[in-house]
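Visitor: I would like to learn how to read a structural model feature by feature. Could you take me through this one slowly?

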Amino acid sequence: MADLDKPQNGTIKTESDLDARRDGHDHSVHPDLTTLEVHRGKHQGDKYVRVIRSSALRKVAPGILRASEAVSRPSGKIGRWYTQFKAFLVGKPLPTEAEKGERLNKIRALAVLSSDAISSSAYATEEILLVVILAGTIGLFYSVPIAIGIAALLAIVAFSYRQTVHAYPQGGGAYNVARENLGTPFGLVAAAALLVGYIMTVAVSVAAGTAAITSAIQELYPYNMEISVGFVALITMINLRGVKESGTIFAVPTYLFIFGLAAVIILGAIRILLGDPPVEPRLESSAQHGPMESLSIFLLLRGFAAGTVAMTGTEAIANGVPVFKPPESKNAATTLAWMSFILAFFFVGLTAVAFHYGVTPHETETVISQVARIILPNELLYGFFQVTTMLILILAANTSFFGFPRLAYVLANDGFMPHQLKFRGDRLVFTTGIAMLGALSILLIIAFGGSTHALIPLYAVGVFISFTLSQAGMVRHWWKTREPGWRKSMVINAIGALLTALVVAVVGVAKFALGAWIVIVVIPILVFMFYQIHRHYARVTEQLALASDNGTALAPLRQIVIVPIGDLNKASLRALSFARSIAKDPIAVRIFYEAPEADEFRAEWARWGEPRGVQLVFLESPYRSFNEPLLAYIDAIHRQDAGAFVTVVLPEFIPAHWWEHFLHNQTALRLKTSLLFRKNTVVIDVPYHLDK
Amino acid sequence: MTFGNILVPVKGNPADDAAVQLACQIAKSSKARITAVNVIEIQRNQPLNVENETQMRDAEQVLEHVEQVARAARGALMTELLQARTAGVALVDEAVARGVDLIVMGIPYRKPLGDFQLGTTTQYVLKNATCPVWLCREAAPEEKS
């Protein structure tokens, strides 16, 4: 027994300690919730120690307990059903240490982060043709040079973002670059532009995908909006399942589209090289009656600006560097290079093939569909390719579901967005950000009745504002750091900044009346909102911060304890006992409506021996209100002793069944609610659970 | 044959999993309660009530693992952590204290001296337990020809 007599870390329970506990004399609880109990074996001298510990909270180190998964499992039936339903929808909760396992390799990341950018190759060529065709057949000759110019711009922007992922491995993209190098206002403008862009990307891409479905199945056309909302809800839910899972689910259609379009372009190139004759363009739609505009620099610039929609989504990788498997920056840079190459190849390749075969925009068939119909050998392959195109258009929204929550997290971390956006849910994704994006996109779709084409120029403006600020920020970065090769990098970024700024100006002017003005209004509003949020958090921090002269000593607080009671019963007596345990002279407050009530209570109080150390006060309420006289009493105490805390100890009995709550008038609950936000007032609820 | 209270000694080796799965199967048919017990063996030069953080953390990890194994087998178990000079003695005494009517032990296939041997803990439990003891030996590796 000698080795057991000395307590270790204060947790040992010798047999005498245990006896004392059984007798009810020892109520001490070790903060680690770990107690060692000595047991005798069946043989003389055999002893072993049982480590009594909480199964829900496991001790992992001295003073550190870790909640097990069981803690999150609700005990009630309804709670269990809800948890099972939630697990069915979004999957089982993942522990924080599984975060590394949730990270993406380059193959998955390309699918998750590039679907937006790569999908734009499905319509960017058409956007150029729609502009240049206004000058008639001659305009079409410029489509390929314009596409090559945009590919060069893409290369510059991608180069810039490759530098960004190395310089800012914590993510944040344009926001971080602009904030750090150009100042907070520019960073916030970039962030606002990107957030707007993300919301619009979801609305536009899902609406475009839905339009593809309802074009094929005309009967569904009246339900356009409902289908779009359903798709957004579905993508939101899949994203709530976690980055890895959504990456796996969405990788298949993305890669099918990549291989499909690559095959179309390569087959087209082979046929052209083998001497397939070019086709005279058929001019239809808006340009069918001959040239509507003369070929001018401004028209070509408009064509260039229209085609730059191909670049939207390029920034997603730079925003989400931390989601890559280590080495994060290197993997992100490689994925960015792959994405840029694929996008440039698709865009230039498709434009060139379309030009060779004289494909022009058609009212009932997209350019990519016409090219695929010419190149692919049979209808089955063509149909399959069309399905993958539709899927990639819908999945473009997924990139936003990745980018928006991360950017919102970075902004929340810097105190420019609500802190709830920092919260990572059961599946280690930013639940609030994902839900917010889903809700805002659905609102936008409903507001536009499911037809969101009008939004396209808006989001191109937003995205290019962020590109411009990011490039300009990198110019400043090179100037400040002067790393090896800084001159070359600075020149490239400066060219990028000028060209993207030019795109902003051209799209802004050309599409101003069509809705680009909305961006000009929304971005300042968002920036103003960011500043207001930041000011609030700054004020909170300032007020809560410990001053250097505070020290660490905890000064005792003066408190006045009051116990509002109705009848004298077991619940109120328990509350009075509790009040006595925290204060020497608590005040029992009895509110009465008529004089006989007070007399009866006084008699009852006397009959039970006038609980020792408790002062009794009666408050008459001639207008039969309960809360108000008590609140007035607390106010009066505060007036007399402004520095004191008033602790209100509420006796409350809890019925055995939930439905029995409705049979009682919930006085304690109403009182708690009215006391909740009062200054220097503490509310303590002393429950008394009824067994039956 | 039905049982009401099953004890599964666990040590952190792969044989534990099979023992827990077997115990879960038995418990399902006889609605028995399962307790997985891990014993930290304390050297004689230390007091029995010493709190070795590393050992305790490792032991907790073993218990957490078998809880997961039980959940995967659609079973549930309680876990117990003991400290003793020799694991076998504590297991037998704990089984008596808990009124256990079956011990299911997983044992690894080991040939420390060229021939298969039961460990000392298993031997002690087999010899002294007052209830039936079922052994669940892991598969023997295939002999190289």
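**Reading the model**

Guide: Let us begin with one residue: A:S577 lies in helix α22 (residues 570-582) of chain A. Please keep in mind throughout that this is a predicted model.

Visitor: Is A:S577 buried, exposed or partly exposed, and why?

Guide: The general idea is to count neighbours, where 20 or more other C-beta atoms within 10 Å make a residue buried and 12 or fewer make it exposed. A:S577 has 15 C-beta neighbours inside 10 Å, and therefore counts as partly exposed. Sequence separation and spatial separation can also be read together: A:S577 and A:P611 are 34 residues apart in sequence, while their C-alpha atoms are 8.9 Å apart in space.

Visitor: Which helix holds A:T184, and how many C-beta neighbours does A:T184 have inside 10 Å?

Guide: A:T184 belongs to helix α10 (residues 184-216) of chain A, and because A:T184 has 17 C-beta neighbours inside 10 Å, this residue is partly exposed. Along the chain, A:T184 and A:Y531 are 347 residues apart, yet 10.0 Å separates their C-alpha atoms.

Visitor: How should I read strands, and in what order do the five strands of the open sheet in chain A stand?

Guide: A general point helps here: in a regular strand, side chains alternate between the two faces of the sheet. In this model, the five strands of the open sheet in chain A follow the order β8-β7-β6-β9-β10, and their pairing is parallel. At the edges stand β8 (615-620) and β10 (681-689) of chain A, each of which has a single partner strand, so that one side of each is left without a neighbour in the sheet. From one strand to the next, the twist averages 30 degrees.

Visitor: How many bridges link strand β6 and strand β9 of chain A, and which helix lies across the strands?

Guide: Strand β6 (residues 559-565) and strand β9 (residues 645-654) of chain A pair in the parallel sense over four bridges, and within this pairing A:I562 has A:V648 of β9(A) as its bridge partner. Helix α24 (residues 627-640) of chain A lies across β6, β7 (587-592), β8, β9 and β10 of chain A, and runs at about 140 degrees to β7(A).

Visitor: Do β2 and β3 of chain A run parallel or antiparallel?

Guide: Strand β2 (residues 35-40) of chain A and β3(A) run antiparallel and are joined by six bridges, with A:R40 standing opposite A:K47 in β3(A). The two strands form a hairpin with six residues between them, and A:G45 in the turn has a positive phi of about 90 degrees. Strand β3 (residues 47-52) of chain A is largely enclosed by the rest of the structure, because five of its six residues are buried.

Visitor: Which strand of chain B pairs with β3(A), and how many residues does each chain give to the contact?

Guide: Strand β3 (residues 78-84) of chain B pairs with β3(A) in the antiparallel sense over four bridges, and B:Q83 in β3(B) is the bridge partner of A:V49. The contact takes 23 residues from chain A and 22 residues from chain B. On the side of chain A that touches chain B, the elements giving two or more residues are α1 (2-5), β2, β3 and β4 (57-61) of chain A. Of these, β3(A) gives the most, with five residues. By class, that side of chain A has nine nonpolar, five polar and nine charged residues.

Visitor: Finally, how are packed helices described, and at what angle do α8 and α20 of chain A pack?

Guide: In general, two packed helices are described by the angle between their axes and the distance between those axes. Helix α8 (residues 143-167) and helix α20 (residues 486-510) of chain A pack at an angle of about 125 degrees with their axes 9 Å apart, and α8(A) and α20(A) are therefore oblique to each other. The crossing of α8(A) and α20(A) is left-handed. Residues that meet there include A:L153, A:I156 and A:F159 in α8(A), and A:I492, A:I495 and A:L499 in α20(A). The residues of this contact divide into seven nonpolar, six polar and no charged.

Definitions and conventions:
Residues numbered from 1 in each chain as written. Chains lettered and ligands numbered in written order. Predicted model: local features only at pLDDT ≥ 70, side-chain atom pairs only at ≥ 80, totals over all residues. Pairing = 2+ DSSP bridges. Contact = placed C-beta atoms within 7 Å. Nonpolar A, V, L, I, M, F, W, Y, C, P; charged D, E, K, R; others polar. Axes fitted to C-alpha atoms, helices over the stretch in contact; angles between N-to-C directions. Parallel < 35°, antiparallel > 145°, perpendicular 65-115°, else oblique. Left-handed = near helix turned anticlockwise from the far one by under 90°.
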